[in-house]
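Please look through the structure shown here together with the notes that follow it. The notes are grouped by topic, and each term is explained where it is used.

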Amino acid sequence: RAKAEGRGTYRVFAADMDEEAEERRVLESDLRQALADNALNLYYQPQVDGASGVLVGFEALVRWTHPVRGEIPPSVFVALAEETGLIITLGDWVLREACREAATWAPSLKVAVNLSPRQFQKPDLPETVLAVLAQTGLSPDRLELEVTESVIINDMARAISILRRLKGFGVRISMDDFGTGYASLATLQAFPFDKMKIDRSFVAQLGVDPQAAVIVRAVLSLGRSLRMGVVAEGVETSAQRRFLADEACGEMQGYLFGKPRPIGDYAEMLCCPDESEERLHGARARA
Ligand code: C2E
Ligand code: MG
Ligand code: MG
Ligand code: MG
């Protein structure tokens, strides 16, 4: 049966492939258009101090509402931008927009911006960052660049030299999604990150899988030994928050404190973050 259908099946498969490739081409050209039209949006997710719960900054996360297809997840269009090289234009836009926005906030608030591996293949990345800081007036120590270890392992020597130059300006570097890649410890040893972000897959398992607590404690202890800050991602419940606070986790981020939203939704916290604690989790703590 399978043999008899062999040729036909192949044709259907090939047609599917064509359709998929065609769909990608269309999506790519729509994304190019969205960039040209300045039609992407930046959302901002709060990051809070682990002990006090006070707002310390926001992570900028890019969003695209396609005119026909609606919301496209970043996992889809950032990946597409990576593959097609559009990430350079996209990444420049995100960086500029996030710095411009953050320059208007209280000076204690930082902004975290994600960088893609492809952005590291352009040797002028540090100059781009420096120019954006100069143009927006954002103090370099208020900018945190989040990189995953895929950035580092592609071309370790080159990535490290770029990261060192960025650090030389006073910009902070965070290792994103820590614990998910196989080279984590080697990359930590090779480059002095300011922070590591514990991947939310571990945080999600707290209270579910006892191993998760062991791993999270180990990462926190590693952070203390290496003098790196630790941020827990994906904190959704007060039980997770309590565990992390008891273990002296430096900073937290997750739906418990706020989802990624347009910055206007957080407007009342931007001037006086010390008063943000009640707003971010007062209601929940009382509930
Ligand atoms: P990431 O940098 O690790 O960002 C954290 C992701 O976790 C975000 O997904 C955020 O919405 C989600 N998240 C935060 N808290 C929670 C929580 O409590 N529960 C759950 N379930 N999820 C939570 P998002 O916005 O879909 O972004 C996915 C990834 O896309 C990011 O992962 C980042 O790698 C990439 N990305 C997003 N924006 C940009 C960008 O501007 N540039 C680049 N290069 N990559 C970006
Ligand atoms: Mg990130
Ligand atoms: Mg992450
Ligand atoms: Mg992630």
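## Briefing on the predicted model

In sequence, the residues that donate to the magnesium ion (ligand 2) follow the spacing E-x54-N-x31-E-x29-D. This is a predicted model, in which local features need pLDDT of at least 70 and side-chain atom pairs count only at pLDDT 80 or more, while totals for chains, interfaces and linings use all residues. Residues are numbered from 1 along each chain as its sequence is written, chains are lettered from A and ligands numbered from 1 in the order in which they are written, and side-chain values use heavy atoms, with hydrogens and water left out.

**The magnesium ions**

- The magnesium ion (ligand 2) is coordinated by Glu-59 (OE), Asn-114 (OD1), Glu-146 (OE) and Asp-176 (OD), at 2.0 to 2.2 Å; donors are N, O and S atoms within 2.8 Å of the metal (3.2 Å for Na, K and Ca), and since water is not among the atoms, sites may look incomplete.
- Two of these donors come from distant parts of the chain, with Glu-59 in strand 2 (residues 55–66) and Asn-114 in strand 4 (residues 110–114), 55 residues apart; helices (H or I, at least four residues) and strands (E, at least two) are DSSP runs, numbered from the N terminus.
- Glu-59 is buried, with a relative accessible area of 4%, whereas Asn-114 is partly exposed at 28%; buried means under 20% relative accessible area, exposed over 50%, and partly exposed in between (1.4 Å probe, protein chains only).
- The magnesium ion (ligand 3) is coordinated by Asp-176 (OD), Asp-177 (OD) and Glu-233, which is listed with OE twice, at 1.9 to 2.7 Å, and the donors of this ion follow the spacing D-D-x55-E along the chain.
- Here too distant parts of the chain are linked, as Asp-177 belongs to strand 6 (residues 172–178) and Glu-233 to the loop between strand 8 (229–232) and helix 10 (238–246), 56 residues apart.
- Asp-177 is partly exposed, with a relative accessible area of 25%, while Glu-233 is buried, with a value of 10%.
- The magnesium ion (ligand 2) and the magnesium ion (ligand 3) are 4.0 Å apart, and Asp-176 coordinates both.

**Salt bridges**

- A search of the whole structure finds 17 salt bridges, where a salt bridge is a side-chain nitrogen of Lys or Arg within 4 Å of a carboxyl oxygen of Asp or Glu.
- One of them joins the side chains of Lys-110 and Glu-144 (3.3 Å, N to O), linking strand 4 with strand 5 (residues 143–147) across 34 residues of the chain.
- Both ends of that bridge are buried, for Lys-110 has a relative accessible area of 13% and Glu-144 has one of 2%.
- The side chains of Asp-124 and Lys-122 also meet in a salt bridge (3.7 Å, N to O); Asp-124 is partly exposed at 33%, and Lys-122 is partly exposed at 33%.
- Lys-167 forms a salt bridge with Asp-194, the closest N and O atoms being 3.3 Å apart.
- Because Lys-167 lies in helix 6 (residues 156–168) and Asp-194 in the loop between helix 7 (184–190) and strand 7 (195–198), this pair ties together parts that are 27 residues apart in sequence.
- Salt bridges that share partners join Glu-59, Glu-146, Lys-197 and Glu-233 into one network.

**Backbone angles**

- Most residues other than glycine have a negative phi, and most peptide bonds are trans.
- Arg-227 is not a glycine, yet its phi is positive, near 55 degrees; Arg-227 lies in the loop between helix 9 (210–225) and strand 8 and is exposed, with a relative accessible area of 74%.
- Ala-248 likewise has a positive phi, of about 60 degrees, although it is not a glycine; Ala-248 is placed in the loop between helix 10 and strand 9 (251–253) and counts as exposed at 54% relative accessibility.
- Just after helix 2, Gly-85 takes a positive phi of about 90 degrees.

**Buried residues**

- In helix 2 (residues 74–84), Phe-77, Leu-80, Ala-81 and Glu-82 are buried.
- Phe-120 lies in the loop between strand 4 and helix 4 (125–136) and is buried, with a relative accessibility of 4%.
- The C-alpha atoms of Phe-120 and Ser-221, which are 101 residues apart along the chain, are separated by 30 Å.
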